[in-house]
Amino acid sequence: MSLVRSISVSFFIIASISSASAQSPPGDFVYLRDVDPSIIQDIRYATSNNFVGRPLAGYDAGECVVKREVGLRLKAVQQELAAQTLSLKMFDCYRPARASLDMVKWSQNGRETAAERRYNPKIPKTELFRLGYIASRSQHSAGAAVDLTLVDLKADNSGRYDPSKSYADCTAPVEARAPEGSVDMGTGYDCTDTKGHTAAPSITPEQRAWRKRLVAAMARQGFVNYSKEWWHFSLPGAGGAAYDFPIQPRTR
């Protein structure tokens, strides 16, 4: 990304945040846990287990927050999957606009650690916005996009991320990369590599079958997949303005 474009993107997001800094959740936003508590959640940007290596701004709790319509459709997907002993697992839902600014700052800080390279092994992080892997204005901030995967409830999903370990990059075989407690989709979550493209030819037939199964289940409820990220889905018509209210702990 050029310096001029980087600055303009940053100013755009700062302006958006300034106009929305006092926001509280609108009435059409809900905690997904209140809609369907059976959906597994692993909100990665509220932890250090993500490409930035720390919680992002605005993620004060690891809770999936979405527009109500999105939540109800995710519940319908989950009900279909439950009959197959499968479950959705949420990685990201509503994303405060300030978190997008946090990503911009991260991409421009002039450093790339080994842990960060696990997520973008072949692409410099300064190129991630230009290539469409990170959006400066995302439907996540409108509550209309989600990042997720599938969990086979019959499998051993006990593997947990250990920050003290040195894992292989996100394109490595599932045994070598950081555990995610989900089916093997061919790459880890947030893997900025062509292997993470939904229709990537470099994955195995079994991995391709899992991706197609996820895309089909989501499509039956109107969700559209982003071709560069097998995990990213949005619901057309459910978006709108970007919001910046922080994600707070659920109190019910």
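**Exercise 1. A salt-bridge network**

Is aspartate 92 buried or exposed? Work that out, then follow its charge partners in this predicted model.

*Solution.*
Step 1. Start with accessibility: aspartate 92 comes out at 0% relative accessibility, so it counts as buried.
Step 2. Look for a partner. Arginine 95 forms a salt bridge with aspartate 92, and the closest N and O atoms sit 2.9 Å apart.
Step 3. Check that partner too. Arginine 95 has 6% relative accessibility and therefore counts as buried.
Step 4. Widen the view: Asp92, Arg95 and Asp147 are linked in a network of salt bridges.
Step 5. For context, the salt-bridge count comes to 15.

**Exercise 2. Two more charge pairs**

Work through the salt bridges of aspartate 193 with lysine 122 and of arginine 177 with aspartate 184, giving the distance and burial for each.

*Solution.*
Step 1. The side chains of lysine 122 and aspartate 193 meet at 3.8 Å, N to O.
Step 2. Place them in the fold. Aspartate 193 is in the loop between strand S5 (145–152) and helix H6 (205–219), while lysine 122 is in the loop between helix H5 (114–117) and S5, so the bridge ties together parts 71 residues apart in sequence.
Step 3. Compare the two ends. Aspartate 193 is at 3% relative accessibility and counts as buried, whereas lysine 122, at 64%, counts as exposed.
Step 4. Now the other pair: arginine 177 and aspartate 184 meet in a salt bridge with an N to O distance of 2.7 Å.
Step 5. Arginine 177 counts as buried at 6% relative accessibility, and aspartate 184 counts as partly exposed at 22%.

**Exercise 3. A buried acid with no salt bridge**

Which side chain of opposite charge is nearest to aspartate 36, and how far away is it?

*Solution.*
Step 1. Find the residue: aspartate 36 is in the loop between helix H2 (32–35) and strand S2 (40–41).
Step 2. Aspartate 36 is buried, and its nearest side chain of opposite charge is lysine 75, 5.9 Å away.
Step 3. Test that against the cut-off. A salt bridge needs the nitrogen within 4 Å of the carboxyl oxygen, and aspartate 36 has no salt bridge.
Step 4. See what it does touch. Leaving out residues up to four places away in sequence, aspartate 36 touches Lys75 and Gln78.

**Exercise 4. The disulfides**

How many disulfides does a search of the whole structure find? Describe each one.

*Solution.*
Step 1. The search turns up two.
Step 2. Take cysteine 64 and cysteine 93, whose sulfur atoms are 2.0 Å apart. Their link has -100° about the S-S bond and is left-handed.
Step 3. Cysteine 64 lies in the loop between S2 and strand S3 (65–67), and cysteine 93 in the loop between strand S4 (86–92) and helix H4 (97–107), so this pair ties together parts 29 residues apart in sequence. Cysteine 64 and cysteine 93 are both buried.
Step 4. On to cysteine 170 and cysteine 191, joined with an S to S distance of 2.1 Å. This link of cysteine 170 and cysteine 191 is right-handed, with 65° about the S-S bond.
Step 5. Cysteine 170 and cysteine 191 each lie in the loop between S5 and H6, so the pair ties together parts that are 21 residues apart in sequence. Cysteine 170 is buried, with a relative accessible area of 5%, and cysteine 191 counts as buried at 0%.
Step 6. Number the bonded cysteines in sequence order and the pairing reads 1-2, 3-4.

**Exercise 5. Helix H4 and the nonpolar core**

How many of the 11 residues of H4 are buried? Then pick out the core residues that touch the most other members.

*Solution.*
Step 1. Nine of the 11 are buried, so H4 is largely enclosed by the rest of the structure.
Step 2. Among the buried residues of H4 are Leu101, Met103, Val104 and Trp106, along with Ser100, Asp102 and Ser107.
Step 3. Turn to the largest nonpolar core, which has 55 residues; Leu74, Leu88, Met90, Val146, Leu148, Leu214 and Met218 touch the most other members.
Step 4. Zoom in on one of them. Not counting residues up to four places away in sequence, leucine 214 touches Leu88, Leu148, Thr149, Leu150, Met185, Trp230 and Phe233.

**Exercise 6. Confidence**

Where is the pLDDT below 50?

*Solution.*
Step 1. Get the overall picture: the mean pLDDT is 89, with 90% of residues reaching 70 or more.
Step 2. The stretch below 50 is residues 1–22, which has 26 contacts in the model beyond near neighbours in sequence.

How values were computed: Residues numbered from 1 in each chain as written. Predicted model: local features only at pLDDT ≥ 70, side-chain atom pairs only at ≥ 80, totals over all residues. Heavy atoms only, no water. Helix = DSSP H or I, 4+ residues; strand = E, 2+ residues; numbered from the N terminus. Buried < 20%, exposed > 50% of the residue type's maximum accessible area, 1.4 Å probe, protein only. Lys, Arg positive; Asp, Glu negative; His and termini not counted. Contact = heavy atoms within 4.5 Å. pLDDT = per-residue confidence, 0-100. Core = buried A, V, L, I, M, F, W, Y, C linked by side-chain atoms within 4.5 Å. Disulfide = S-S within 2.5 Å.
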